[in-house]
Amino acid sequence: MGGTSLTEATVELTADQIERFRADGYLSIPSITTADDVAQLREIYDRLFDRKVGRELGLQFDLAGTDDDESEAVLPQILEPQRFAPELNDSLLLVNATAIASQLFGPEATCSFFHAINKPARIGAETPWHQDASYWPPHLDFRSASIWVPLQEATLENGCMQFVPGSHRHEEVLGHRSLNDDDRIHANELRPEMMDHVRNVVACPLPAGGATLHGGFTLHYTGPNRSDAPRRAIILSAAAPPTRRAAPRSLPWMDAKATQRAARAAAAKQRGEGGATALPPTG
């Protein structure tokens with residue numbers, strides 16, 4: 001992609017940025033890749049969503065709806081987009097994100113494309129307040145960060161990332177439920193009685209090719225898209241190898257899920273085609 005040499009990263013975090021990420025649980029940076037790289041990523045992104053790739057595998061679904069075939073998706077998501085567009089792995093974005101992963105979590109850390117979320121023009125739904133750890137396998141702990149990259153300007157109008165600074169510090173999973181208390185919906189949201197944790201909110205508008213980074217315990221949210229253009233975001237996962245917990249967490253909202261996405265993923269596995277486990281929405 002793009003003719004840029006991919007042997008060396010062109011972006012790295014400063015010591016001050018690393019400290020701010022650790023103190024606040026998130027970080028916003030104005031650029032993680034070039035305009036040329038963004039243009040090519042956007043072309044791939046639009047092609048994947050136009051073709052609705054991965055739906056029969058449970059890898060493409062409506063994050064904020066019941067995900068039936070008759071309804072228009074208000075928050076479509078594609079998991080593991082590189083499975084359908086391997087050229088994503090040649091992007092400068094991945095090189096730079098991998099370098100950042102090593103800075104944050106050490107030389108054993110890896111980085112990969114995680115998912116892509118599209119908020120359609122005018123109808124794109126909010127991604128509710130949640131912690132990514134509310135989706136984690138209950139028997140594992142992770143040292144990880146989600147790297148959220150908009151492929152056009154991200155604003156309050158179209159759904160930029162918003163965070164609660166310091167909400168990660170206790171490494172505690174707060175009480176969640178399925179969005180609208182409907183177990184057919186994949187997205188988790190904070191339970192109403194937990195919303196007092198949402199305070200001192202910081203919004204992070206970004207140019208195309210900027211990035212936010214956040215950890216799994218950091219509370220975050222994106223608003224609906226009220227603009228006349230889709231809001232495209234692609235997310236990478238930067239992580240050290242997970243460790244096994246002495247005792248699993250209790251995540252009753254995950255045990256109660258009964259989604260169309262999960263049913264399609266299970267059917268794909270039975271056919272020997274692979275599928276997806278439940279993964280977090282991140283904006």
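**Figure 1. The loop between β3 and α3, with residue E80.** In this predicted model, E80 lies in the loop that runs between strand β3 (76–79) and helix α3. Most residues other than glycine have a negative phi. E80 is not a glycine, yet its phi is positive, at about 50 degrees. Its relative accessibility is 23%, so E80 counts as partly exposed; the limit for a buried residue is under 20%.

**Figure 2. The loop between β9 and β10, with residue D181.** A second loop joins the theme of backbone angles: D181 is placed between β9 (176–178) and β10 (188–190). D181 also has a positive phi, of about 60 degrees, although it is not a glycine.

**Figure 3. Helix α3 and its surroundings.** Helix α3 comprises 14 residues, numbered 92–105. At 1.5 Å a residue these should span 20 Å, and the C-alpha atoms at the two ends are indeed 20 Å apart, so expectation and model agree. Within the helix, the buried residues are L92, L93, L94, V95, N96, A97, I100, A101, L104 and F105. Because 10 of the 14 residues are buried, α3 is largely enclosed by the rest of the structure. Just after the helix comes G106, whose phi is positive, at about 95 degrees.

**Figure 4. The largest nonpolar core.** This core contains 37 residues, and those touching the most other members are I32, L104, I147, V149, L213 and L236. Two or more residues are contributed by each of α1 (15–24), β1 (26–29), α2 (35–50), α3, β4 (110–119), β7 (144–150), β12 (211–214) and β14 (231–239). The largest share, 7 residues, comes from α3.

**Figure 5. The contacts of V149, and a separate core.** Leaving aside residues up to four places away in sequence, V149 touches I32, L93, G209, G210, A211, R232, A233, I234 and L236. Apart from the core that includes V149 lies another core, of 32 residues, with Y26, A133, W148 and F217 among them.

**Figure 6. An open sheet of four strands.** Strands of a sheet pair through backbone hydrogen bonds, either parallel or antiparallel. Here 4 strands form an open sheet in the order β5-β13-β8-β11, and the pairing is antiparallel. Strands β5 (127–130) and β11 (202–204) are the edges, each pairing on one side only. From one strand to the next, the twist averages 20 degrees. Inside the sheet, β8 (residues 161–163) and β13 (residues 220–222) are joined in the antiparallel sense over 3 bridges. F163 has H220, in β13, as its bridge partner.

**Figure 7. Cysteines C111 and C204.** A disulfide is a covalent bond between the sulfur atoms of two cysteines. A search of the whole structure finds 0 disulfides. Why is C111 without such a bond? The closest cysteine sulfur to that of C111 belongs to C204 and is 19 Å away, which is too far for a bond. C204 is likewise in no disulfide, and its nearest cysteine sulfur, that of C160, is 7.0 Å away; a disulfide requires the sulfur atoms to be within 2.5 Å. C111 is buried, with a relative accessible area of 13%, and C204 also counts as buried, at 5% relative accessibility.

Terms used. Residues numbered from 1 in each chain as written. Predicted model: local features only at pLDDT ≥ 70, side-chain atom pairs only at ≥ 80, totals over all residues. Heavy atoms only, no water. Pairing = 2+ DSSP bridges. Axes fitted to C-alpha atoms, helices over the stretch in contact; angles between N-to-C directions. Expected span 1.5 Å × (residues − 1). Buried < 20%, exposed > 50% of the residue type's maximum accessible area, 1.4 Å probe, protein only. Core = buried A, V, L, I, M, F, W, Y, C linked by side-chain atoms within 4.5 Å. Contact = heavy atoms within 4.5 Å.
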